[in-house]
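Biologist: Could we look at the aromatic side chains together? I would like to go through them one question at a time.

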Amino acid sequence: MGTLKVIFGISILILILSTASCTSIQKNESYVTRDVAIMIAAANAPSSIFNDASTATLTLWDDSTWTVNFLLTQGMTISKDELGWPEALTNKYENNILPKGTFTLLTFDIDRKTGAVLLRRASDGVLLGGPGTWNTEPPEIVLFPLWAVIAAGVVGVLIGGLLIFSLFYLKRVKT
């Protein structure tokens, strides 16, 4: 009978701990959405480029950073002076093909929690990648209802308890 008390006590403890942990997990944090990230990036670029930009692509590279790209097409470029970005560590200018200070691609890294612009890059590069590489959305967070988590915990405890009880019972029968 002492073994059953121990199993019952452990089962109750597991049930209480699983319930407490489930309620603390179900917090929804607010994040910067896809559309807001595009608006933040657009506010950091001259309005004149939107007539010439073919694409505003957006990628969530990790859970904390949006990357927004504006690609100028049809031979259109923008100069460093037209950008009007101040000299700062968060502003990068990269030239490999076009004359220095001439750019066709603007890239913005935006913090997903705060909406702060972490990095602005102007380059003469191109976007590489096939379908599905760009315009990605973060996966939706799936939270199970509390009753389902508790039910699964109870079933797990019952199955584990039955297995332990069976082992002790078989051990007694063999001796």
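Biologist: Is Y169 buried, partly exposed or exposed?

Modeller: Happy to help, and please keep in mind that this is a predicted model. Y169 has a relative accessible area of 48%. Buried would need under 20% and exposed over 50%, so Y169 comes out as partly exposed.

Biologist: Thanks! How does the pair of F165 and Y169 count, stacked or tilted?

Modeller: The two residues are 4 apart in helix α4 (residues 146-174), about one helical turn. Their ring centres lie 6.4 Å apart, and pairing asks for centres within 6.5 Å. The planes meet at 20 degrees, and under 30 degrees is the cut-off, so the pair is stacked.

Biologist: And which strands hold Y93 and F103?

Modeller: Y93 and F103 form a tilted aromatic pair, with 5.7 Å centre to centre and 35 degrees between the planes. This pair links distant parts of the chain, as its residues are 10 apart. Y93 sits in strand β4 (residues 91-94), and F103 in strand β5 (residues 102-103).

Biologist: Nice. Is F103 buried or exposed?

Modeller: Its partner Y93 is partly exposed, at 23% relative accessible area. F103 has a relative accessibility of 1%, and under 20% is the cut-off, so F103 is buried.

Biologist: Which residue lies over the face of Y93?

Modeller: Y93 belongs to one aromatic cluster with F70, W85, F103 and F108. Over the face of Y93, at 4.5 Å from the ring centre, lies K80.

Biologist: Last one: how many aromatic pairs are there?

Modeller: Among them are the tilted pair of Y93 and F103 and the stacked pair of F165 and Y169. The count of aromatic pairs comes to 5.

Technical notes
Residues are numbered from 1 along each chain as its sequence is written. This is a predicted model: local features need pLDDT of at least 70, side-chain atom pairs count only at pLDDT 80 or more; totals for chains, interfaces and linings use all residues. Side-chain values use heavy atoms; hydrogens and water are left out. Rings of Phe, Tyr and Trp (its six-membered ring) pair if their centres lie within 6.5 Å; planes under 30 degrees apart count as stacked, over 60 as edge-to-face and the rest as tilted. Buried means under 20% relative accessible area, exposed over 50%, partly exposed in between (1.4 Å probe, protein chains only). A charge sits over a ring if NZ of Lys or CZ of Arg is within 6 Å of the ring centre and within 35 degrees of the ring normal.
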